[in-house]
Every structure is written in structure tokens, then in C-alpha cells.
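Trainee: Could you take me through one helix pairing in close detail? I'd like to see how the pieces fit together, residue by residue.

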Amino acid sequence: MVLNDTSTGKPKSKHNGNRKHGDHASRQPLKPGLEARIAASRILAAVIDRKTSLDGMLDSEHGNPAFLPLNDADRGLVKAILQSALRHLPRIEAIIAELLDTPLPDGARSLHHLLIVAAAQMLYLDVPDHSAVDLAVEQANGDPRSRRFSKLVNAILRRIGREKAELLAAVDDLPCMPDWFMARLTAVYGDQRALAIAASQLESPTIDLTVKSDAAGWAARLGGQVLPTGSVRLERFRGSVTALEGFEDGEWWVQDAAAAIPAKLFGDLTGKRVADLCAAPGGKTAQLVLAGGDVLAVEQSKSRLKRLESNLQRLGVSVEIRCANLLDLDENETFDAILLDTPCSSTGTTRRHPDVLWTKNAADIAKLAELQEKLLRHAVTLLKSGGRLVFSNCSIDPSEGEEIVARVLAEIPDLRLQSIDPADWLGLEAAITAKGEFRTTPDMLRENGGLDGFYAAVIAKT
């Protein structure tokens with residue numbers, strides 16, 4: 001393995017060689033910060049190589065075994081490293097590849113992940129270069145799979161430290177999305193829009209709140225602004241959301257501004273029987289209740305049901321909750337209004353969940369779209385004559401949105417698309433399609449901090 005730059009200088013390792021394969025446990029205490037880097041590398045490997053969702057591995061109670069023993073500070077560091085590494089992955093990989101004369105061996109995946117973790121700290125986080133280099137070399141020396149490459153690790157990372165500005169400039173035009181998904185975006189939105197969407201997912205997400213009432217008042221109290229959706233966006237917020245005024249009293253809940261749109265499309269629901277068919281975590285359910293609806297919240301997952309119940313209890317919202325697969329609901333039980341916010345690829349949420357692009361593929365999207373269409377076709381059988389159904393999800397791929405609705409409307413005669421009026425959504429007129437559907441993308445409202453990608457359509461039954 002040869003570098004374009006031959007400088008080395010391996011720090012002395014404190015670890016002995018008495019370890020199991022890939023196990024960094026030692027009789028001697030690990031250098032401070034090393035456990036966090038090891039955890040980040042292992043979790044990154046699970047995301048990239050085994051397509052495992054990041055959220056579950058970073059769960060404070062049931063997360064990855066390498067993550068759970070860490071203290072709060074190290075957990076925060078691991079999250080920051082992984083967010084940066086996954087958000088900028090194509091650029092980091094391109095930089096590392098540029099510094100090698102020959103690619104890493106096929107069996108050197110642990111080394112690959114180690115380098116990405118270290119480079120992410122040096123290129124995109126406020127971590128001293130010498131610390132990132134030293135700990136990466138220490139990590140390589142402690143892993144039998146990577147030990148023979150420790151000098152290579154040292155040389156690559158030291159060169160990144162010396163040439164950081166030049167290396168970043170060389171990859172500045174490289175979209176930070178997988179090639180397969182970038183091709184889909186370009187086909188749908190065109191070159192310039194696709195690039196804008198890709199660029200927007202590099203920006204840190206904001207924190208948006210849906211409030212029970214008085215959005216302007218809560219924006220003033222919490223130092224935020226009111227968005228066109230009626231959400232309150234916190235500006236430059238740092239700290240714990242749960243410590244903010246109004247949380248304990250259930251006056252608001254965290255919900256991306258785009259995610260707040262579908263429930264608002266119903267308007268006044270006073271006196272209406274309403275079903276929220278994929279209800280957890282409960283933000284949309286609460287919106288439907290506040291709009292006056294008599295709501296049935298349906299959730300299939302028992303664990304998500306517990307979260308739904310907990311959230312609604314904090315908000316002081318009372319609804320009928322049912323643990324069931326919506327496909328099992330009897331069509332004799334009908335509703336005036338139905339919200340169907342379906343499981344999807346979540347490709348509109350990559351600002352918050354950059355792992356999505358590396359754990360999903362085209363086949364996953366096709367499979368999810370098939371499920372969504374099946375759910376929609378059953379949901380419309382539960383809709384009363386004269387009722388309305390809002391179909392929505394957080395994908396930016398039309399195969400999970402516009403294409404499904406078009407097929408269902410073409411094949412079921414008593415359904416029609418109820419056009420959304422752009423005049424009702426000042427500031428978001430560009431999000432209303434020519435047919436009258438809602439289509440937000442992450443490049444919208446960038447001057448105010450961006451927006452998740454979302455699709456929503458109102459379907460009326462004659």
C-alpha cells in the first residue's frame with residue numbers, strides 16, 4: 001500500500017497485543033476518546049455495510065453495544081461524527097481515495113471506516129487534528145485487522161491536516177448523495193434542482209415546534225419565528241428542548257414544519273369522525289384533535305404505540321387508540337376524514353437522517369411504494385361518501401407519491417383529487433403542484449433554515 005505522500009510518524013501505542021480479533025478491550029485503560037471513535041467506526045460499518053438504521057443504534061437504552069457504555073459527552077461526539085461522516089460521505093471517500101496510489105484491499109473495511117471517522121472529525125468537526133490522528137493510529141494499532149496499516153493511517157490523516165483547504169475545494173462540486181439516488185433526483189427535478197436538493201441536505205436541520213395556540217406568542221417567548229406553515233422555528237437553538245418553557249405543560253411538540261402540513265389540509269374538523277391510520281409518534285394525531293375531530297388513532301407497532309400514548313398524555317390530548325394493522329379495519333367502520341401518513345423511504349428527511357441514503361436502495365423504494373398503494377386502496381374503503389382523505393409521506397420520490405395517487409384515482413371512479421389552493425399557503429406557493437398537490441423539497445425555505453421533503457394530496461369521495 002503506497003501513499004502519494006510518504007510522510008509517517010506513528011505515535012507510540014499504549015496497547016499490548018493481547019486482544020481478540022477486532023476487540024479493543026485491554027487490561028490497560030483506553031486513551032480518553034478512543035472508545036467513542038471505536039463506537040463510531042462500528043456503527044458506521046453497520047450503516048454502510050449492513051444497511052442498519054442509525055436511530056436504533058443510537059437509542060439511549062437499546063442502542064449498539066459499543067454506544068451504550070459511553071458517557072453523555074462521548075455519546076454526543078459519536079452522534080456528531082456519524083452525522084458528519086454520513087452527510088459528507090462521497091466527499092470524504094473521494095479525498096481518501098485521492099491520497100492513495102492504490103485502493104484499500106477488499107478485506108480492509110474496518111480500516112475504511114476508521115479513516116472516514118477520523119477524516120470527518122478533521123474536515124467537518126471542531127476536533128483538533130492531532131487528536132483525531134493520534135486516536136485513529138491508536139485505534140488501528142489496537143485492531144488486528146488494521147494494525148499493519150497504522151503507518152498508512154498516520155500518513156493519510158497528517159496529509160489531510162496539512163492540505164485540508166485544497167482537498168475540500170477539490171470535492172466541493174461533488175454531490176453528497178449516492179449515484180443511484182442522484183440520478184433519480186435529476187430525472188424528476190432536473191440538474192439544477194437536484195443539485196440544490198443535494199446541497200440542502202448538508203445543512204444542519206432546525207428545530208420546529210407545532211403549538212396548540214398563539215404561534216406568534218410562543219415564537220417571541222422562545223426566540224423563534226413563525227413559518228408559513230404556522231410552525232414556530234427556533235433560531236440557533238442549543239440545549240435541551242425538554243427544558244424549554246411550555247414543554248412540561250404540553251403547549252407544543254417538536255414536528256418539522258413540512259410534517260405539520262398534512263393535518264392542516266383538513267381545516268375545521270368539528271363534529272367529524274376522523275381516523276389517523278399510521279398515528280405514531282402522535283404529532284399529527286394531536287393536530288387533528290385540536291382541529292375539532294373525534295379521532296381514532298391506529299398504530300400497528302406496540303413500541304411505537306407506547307410512544308404515541310406517552311406523547312399524547314404529555315400534550316393532554318385524549319383520543320381512542322387502537323393497536324391494529326389498518327388493513328384489518330372493517331370497511332363497515334367509516335370516517336368523515338382519514339389521515340394516511342404512510343411508511344416510506346424517508347428520503348425527504350436526510351438533513352435529520354443522513355443514514356437514509358445509505359441504508360435504502362431503488363428496490364426498497366419500489367417495495368415501499370407497493371405497500372403505500374395497498375394501504376391507500378384499503379383506506380379509501382373506510383371513507384364515507386363526501387369524506388376526505390389526506391395521503392402523505394416524507395419521500396421526495398414521486399413513485400411514493402404522485403404516481404400512486406394518479407393510479408388510484410384513475411381506477412376508482414368515486415374518488416377525485418381536491419386541489420389545494422396556493423392562496424391558502426402564502427410563502428409556500430411554490431410547493432403546490434399544477435394539479436394541486438403539496439410537494440415540498442429540502443431546498444425550499446433555505447433562507448429560513450430549510451424544510452423536510454414531503455408529499456400530500458387531498459382525495460375526496462363522492
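Mentor: Sure, let's go to helix 16 and helix 17, keeping in mind that this is a predicted model. Helix 16 covers residues 362-379 and helix 17 covers residues 402-411. Two packed helices are described by the angle between their axes and the distance between the axes. Here the angle is about 40° and the axes are 10 Å apart. As for handedness, helix 16 passes helix 17 in a right-handed crossing.

Now for who touches whom. On the helix 16 side you have Ala369, Gln372, Glu373, Leu376 and Arg377, and on the helix 17 side they meet Ile404, Arg407, Val408 and Glu411. Sorted by class, the contact between helix 16 and helix 17 has four nonpolar, one polar and four charged residues.

Glu373 is a good residue to zoom in on. This glutamate sits in helix 16, and its relative accessibility is 13%, so it counts as buried, the cut-off being under 20%. Its side chain has a polar contact of 2.6 Å with the side chain of Arg407. There's another one, of 2.9 Å, between the side chains of Glu373 and Arg377. Put those beside the helix lists and you'll see that Arg407 belongs to helix 17, while Arg377 is in helix 16 like Glu373 itself. If you set aside the neighbours within four places in sequence, Glu373 is in contact with Ile404, Arg407 and Val408, and those three residues are in the helix 17 part of the pairing.

While you have the model open, take a look at the cysteines too. The structure holds zero disulfides. Cys344 has its closest cysteine sulfur in Cys394, 3.5 Å away, and that is too far for a bond because a disulfide needs the two sulfur atoms within 2.5 Å. Cys344 is also buried, at 11% relative accessibility. For Cys278, the closest cysteine sulfur is the one in Cys344, at 10 Å, again too far for a bond. Cys278 is buried as well, with a relative accessible area of 17%.

One more stop, at helix 4, residues 89-98. Its buried residues are Leu89, Pro90, Arg91, Ile92, Ile95 and Ile96. These buried residues pack against helix 1 (34-50), helix 3 (72-87), helix 5 (109-124), helix 7 (150-162), helix 8 (164-170) and helix 15 (356-359).

Technical notes:
Residues are numbered from 1 along each chain as its sequence is written. This is a predicted model: local features need pLDDT of at least 70, side-chain atom pairs count only at pLDDT 80 or more; totals for chains, interfaces and linings use all residues. Side-chain values use heavy atoms; hydrogens and water are left out. Buried means under 20% relative accessible area, exposed over 50%, partly exposed in between (1.4 Å probe, protein chains only). Axes are lines fitted to C-alpha atoms, for helices over the stretch in contact, and angles run from 0 to 180 degrees between N-to-C directions. Helices (H or I, at least four residues) and strands (E, at least two) are DSSP runs, numbered from the N terminus. A crossing is left-handed if the near helix is turned anticlockwise from the far one by less than a right angle, and right-handed if clockwise. Contact means heavy atoms within 4.5 Å. Ala, Val, Leu, Ile, Met, Phe, Trp, Tyr, Cys and Pro count as nonpolar, Asp, Glu, Lys and Arg as charged, and the others, Gly among them, as polar. A polar contact is a pair of N or O atoms within 3.5 Å; within protein, one must be able to donate a hydrogen and the other to accept it, and residues adjacent in sequence count only if both atoms are side-chain atoms.
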